[in-house]
Amino acid sequence: MAAQVENQELDLLDMEKYYENYILIDIGANLTNKKYSRDLDSVIQRAKDSGVRKIMVTGTSVKASKEALRLTRIYPDTLYSTAGIHPHDAKSYTDESWDELRHIANNTECVAIGECGLDYNRNFSDPEDQKLVFRKHVELAIETNKPIFVHERDAHEDLLKVLDEYSAKLPPVVIHCFTGTQEQALAYLDKGFYIGLTGYLCKDKSDAGVRKLLESGSLPLDRLVVETDSPFMYPNTRASKLPDQVKDSLTERSMMFLHRYCTFQRNEPCSLPAIVEMIAAFMKKKPEEVALATSFNSMKLFGLS
């Protein structure tokens, strides 16, 4: 009898160990970045150990989209890819390169079109060139019936104007790595778009930005997806402006992955549990609830297996 009780206790301990992991999907990580060239196997294993089951590798150019697709075949059912040309590189668009991107986009492992959109913050490409190339992406998304993975900086109104041109036939739209205002987020949500949130939460110092959006309860869970944007957007949980109740919500386990493996110079997908815990704290929800909802949204949105 004593041995039976002991076995039951061991089973319970095993169950607790299993449940301390969230089940998460990182919808945007730049794993083709040269910062991962030496230890990508370890980066992906750490992500899995932290609870990140699937990662979408962002395509930001024809070359990066091709490499992202190659990685999906090395890590099947864990990595998926997108195909796109970042607005910074719109000036380098050619018909030949576009034909190549279309070919990449038609592969089943490629689950979204982008990163594409408009960026007037730095204007590395002329705004008219950006709009032309963005329209090409929207048309490709309609043609392939794949979601659009959108980048927008300081171009909210123009972005909506372009998307409105196609409103009757638009596939799902994800505003990736959202850094705008609550008002802008509500305009996107009003169109039925999804909002992707990252560790930018730690940097947001405005009174009407991402934090306000979460605290006000105006972002429904069924429109939220999460991402690390690795190696960028390191979630600095020690930021002075981060409220104490948010810092207190962070678990020892998520902090271990964040502080042991991620830096300002190189963020990793294993930082996603910390990001989810902060989002949950701002929303006054349980992190398990946010993890489950965002994973379900991602599976449905991108048709992940």
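This report describes a predicted model of a protein chain, taking up its confidence, its nonpolar cores, a pair of helices, some backbone features and a few individual residues.

## Confidence of the model

Because the structure is predicted, the confidence values come at the start. The mean pLDDT of the chain is 94, and 93% of the residues reach 70 or more. Residues 9-19 stand apart from this picture, since pLDDT stays under 50 over that stretch, and the model has one contact beyond four places in sequence for these residues. Where pLDDT is low, the predicted coordinates should not be read in detail.

## The nonpolar cores

The largest nonpolar core contains 88 residues, and among these Leu31 and Ile279 touch the most other members. Helix H11, which covers residues 272-283, gives this core its largest share, namely 10 residues. A second core, separate from the largest one, has 13 residues, including Ile27, Tyr80, Phe149 and Leu304.

The surroundings of isoleucine 279 can be followed residue by residue. When neighbours within four places in sequence are left aside, isoleucine 279 is in contact with Leu197, Leu201, Leu214, Leu224, Val226 and Val290.

Leu31 appears again among the contacts of isoleucine 44, a residue of helix H2, which spans residues 40-50. Beyond four places in sequence, isoleucine 44 touches Leu31, Tyr75, Thr78 and Leu79, and with a relative accessible area of 3% isoleucine 44 is buried. The C-alpha atoms of isoleucine 44 and aspartate 207 are separated by 36 Å, and these two residues lie 163 residues apart along the chain.

## Helices H6 and H7

How do helix H6 and helix H7 lie with respect to each other? The axes of H6 (residues 156-164) and H7 (residues 182-190) come within 11 Å and cross at roughly 5 degrees, and this angle makes H6 roughly parallel to H7. On the H6 side the contact is formed by His156, Leu159 and Leu160, which meet Gln184, Ala187 and Tyr188 in H7. The residues of this contact divide into four nonpolar, two polar and no charged.

Two of these residues, Leu159 and Tyr188, are also touched by isoleucine 175, which belongs to strand E6 (residues 173-175). Leaving aside neighbours within four places in sequence, the contacts of isoleucine 175 further include Val150, Phe193, Tyr194, Ile195 and Gly196. At 1% relative accessibility isoleucine 175 counts as buried, and its C-alpha atom is 9.5 Å from that of valine 225, a residue 50 places away in sequence.

## Cis peptide bonds and positive phi angles

A cis peptide bond joins glycine 114 and glutamate 115, with omega at about 20 degrees, and glutamate 115 lies in strand E4, residues 110-119. Glutamate 115 is also a partner of threonine 60, which sits in the loop between strand E2 (52-57) and helix H3 (62-74). The C-alpha atoms of threonine 60 and glutamate 115 are separated by 5.5 Å, although the two residues are 55 residues apart along the chain. Not counting residues up to four places away in sequence, threonine 60 touches Glu115 together with Asn30, Ser65, Gly84, Ile85, His86 and Asp89.

The peptide bond from serine 230 to proline 231 is cis as well, with omega near 5 degrees, and proline 231 is placed in the loop between strand E8 (224-226) and helix H9 (244-249). Aspartate 229 is found in the loop between E8 and H9 too, and its phi is near 55 degrees, a positive value in a residue other than glycine. Lysine 284, likewise not a glycine, has a positive phi of about 60 degrees; it is in the loop between H11 and helix H12 (287-302). Which of the words buried and exposed applies to aspartate 229, and which to lysine 284? Aspartate 229 counts as buried at 9% relative accessibility, whereas lysine 284 is exposed, with a relative accessible area of 69%.

## Valine 210 in helix H8

Valine 210 has its place in helix H8, which covers residues 210-215, and with a relative accessible area of 2% valine 210 is buried. Beyond four places in sequence, valine 210 touches Phe178, Thr179, Gly180, Leu197, Tyr200, Leu201 and Asp204. Of these, Leu197 and Leu201 are also in contact with isoleucine 279. Tyrosine 200 is 10 residues from valine 210 in sequence and 8.5 Å away in space, C-alpha to C-alpha.

How values were computed:
Residues are numbered from 1 along each chain as its sequence is written. This is a predicted model: local features need pLDDT of at least 70, side-chain atom pairs count only at pLDDT 80 or more; totals for chains, interfaces and linings use all residues. Side-chain values use heavy atoms; hydrogens and water are left out. A nonpolar core is a set of buried Ala, Val, Leu, Ile, Met, Phe, Trp, Tyr and Cys residues joined through side-chain atoms within 4.5 Å. Buried means under 20% relative accessible area, exposed over 50%, partly exposed in between (1.4 Å probe, protein chains only). Helices (H or I, at least four residues) and strands (E, at least two) are DSSP runs, numbered from the N terminus. Contact means heavy atoms within 4.5 Å. pLDDT is the predictor's confidence in each residue, from 0 to 100. Axes are lines fitted to C-alpha atoms, for helices over the stretch in contact, and angles run from 0 to 180 degrees between N-to-C directions. Angles under 35 degrees count as roughly parallel, over 145 as roughly antiparallel, 65 to 115 as roughly perpendicular and the rest as oblique. Ala, Val, Leu, Ile, Met, Phe, Trp, Tyr, Cys and Pro count as nonpolar, Asp, Glu, Lys and Arg as charged, and the others, Gly among them, as polar.
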